[in-house]
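Visitor: I am new to this structure and would be grateful for a close look at a single part of it. Could you begin with one position in the chain, and then proceed to the other parts and to the whole?

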Amino acid sequence: MGRRALKSYLKYGYIPQEDSVMEAFHTREQVSRTLEYSYDDFCVAQIAQQLGKKKDYKKLIKRSENWRNVLNPLTGYVQAKNKKGKFISSSEETDNHEAFSFQNYITEGAPCHYTWYVPHNIEGLAQAMGGTDIFEAKLDSMFSENRYWHGNEPCHQIAYLFNYTQHPWKTQREVRHIMETEYKDHPGGLSGNDDAGQMSAWYVFSAMGFYPVCPGTTRYQIGSPSFRRLTLHLENGKTFTMEAPDSDSKNIYIQRMELNGVPYTKTYLDHDDILKGGTMRFYMGSTPL
């Protein structure tokens, strides 16, 4: 990251088209960095809040919304801006095509891959796109048009974002499909580099039935548990058991859930619920609800 780019982010809330940095491994990837810095600011804001640093918290949480500055309202996808603060093209046809092809302002991907990288404010992203229906339609296209790229880690939360719509069963469908098609038990079986273990971590979490879409919060988004029974042995001495006795390759959809015998209707599981210990039971079926 060059000093000019960092100063631009702090002052304007986005990183414009910048001069290349000769020493940098990644160059001219300002939209990706704007999105990543926004999420970083959110995480640091949580620390500031815990420390009672109210001014720092307000400043950081405001900066965590800088992702809005690179979301092109014309297309609903992220795009680079020039030094004057204007999106680099103004043609809707050009912008739509650009969203689905590799660009130098995105790290190893296309704008459609990185647009979803607002893990700390998915609801805000949906509204900025034009509402939940448009948000869901764009999510659908990621899979129906084969735009999803599991080999690139910034995509890993995308399948779980249907939990923020009225059809969380789509998360269950897509997660199972990814598990079946992107992981093979032979050399080269992973669809991408296992950078810091993330490719494998995604599978482990998803097989258990939940995934941390936004580390920095205490919520795990619920997917489709593939184990009929598993037990987590916690450091506090308690255990948390997840049961899905009917789960198999066909019964991938959650029909209903119970937490310690009480009906559970949320699309996420809180970390505190796990730490308390107990049993989460999933009733699975072959058709979505």
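Guide: Let us begin at Gly130, which follows just after helix H6 and takes a positive phi of about 120 degrees. The model is predicted, so to speak of local features requires pLDDT of at least 70 and side-chain atom pairs count only at pLDDT 80 or more, while totals for chains, interfaces and linings use all residues. Residues are numbered from 1 along each chain as its sequence is written, and side-chain values use heavy atoms, with hydrogens and water left out. Helices (H or I, at least four residues) and strands (E, at least two) are DSSP runs, numbered from the N terminus.

Helix H6 itself covers residues 122-129, and Ile122, Gly124, Leu125, Ala126 and Met129 are buried in it. Buried means under 20% relative accessible area, exposed over 50%, and partly exposed in between (1.4 Å probe, protein chains only). The buried residues of H6 pack against two elements, strand S1 (71-72) and helix H7 (132-144). Contact here means heavy atoms within 4.5 Å.

A second positive phi, of about 55 degrees, belongs to Asn260, in the turn of a hairpin that S7 and S8 form with two residues between them. Asn260 is partly exposed, at 47% relative accessibility. Not counting residues up to four places away in sequence, Asn260 touches Gly277, Gly278 and Thr279. Thr279 lies 19 residues from Asn260 in sequence, yet their C-alpha atoms are 5.1 Å apart in space.

The strands on this side of the account can be followed from S7. Strand S7 (residues 253-259) is mostly covered, with five of its seven residues buried. Three bridges join S7 to strand S8 (residues 262-264) in an antiparallel arrangement, and Glu258 has Pro263 as its bridge partner in S8. Strand S10 (residues 278-285) also runs antiparallel to S7, joined to it by six bridges; there, Met257 has Phe282 as its bridge partner. Two strands pair if DSSP finds at least two bridges between them.

Another sheet is open and has three strands in the order S3-S4-S9, with antiparallel pairing. Strands S3 (210-211) and S9 (268-270) stand at its edges with a single partner strand each, so one side of each has no neighbour in the sheet. Strand S4 (residues 219-222) pairs with S9 in the antiparallel sense over three bridges, and Gln221 stands opposite Tyr268 in S9.

Turning to the whole, the protein contains ten helices and ten strands. Its radius of gyration is 20 Å, close to the 19 Å that the globule rule gives for 289 residues, so the protein is as compact as a globular protein of that length. That radius is taken over C-alpha atoms, and the rule is 2.2 Å times the number of residues to the power 0.38. The C-alpha trace spans about 60 × 45 × 40 Å along its principal axes.

Of the 289 residues, 50% are buried. Among contacts with a separation of 6 or more, 58% join residues 24 or more positions apart.
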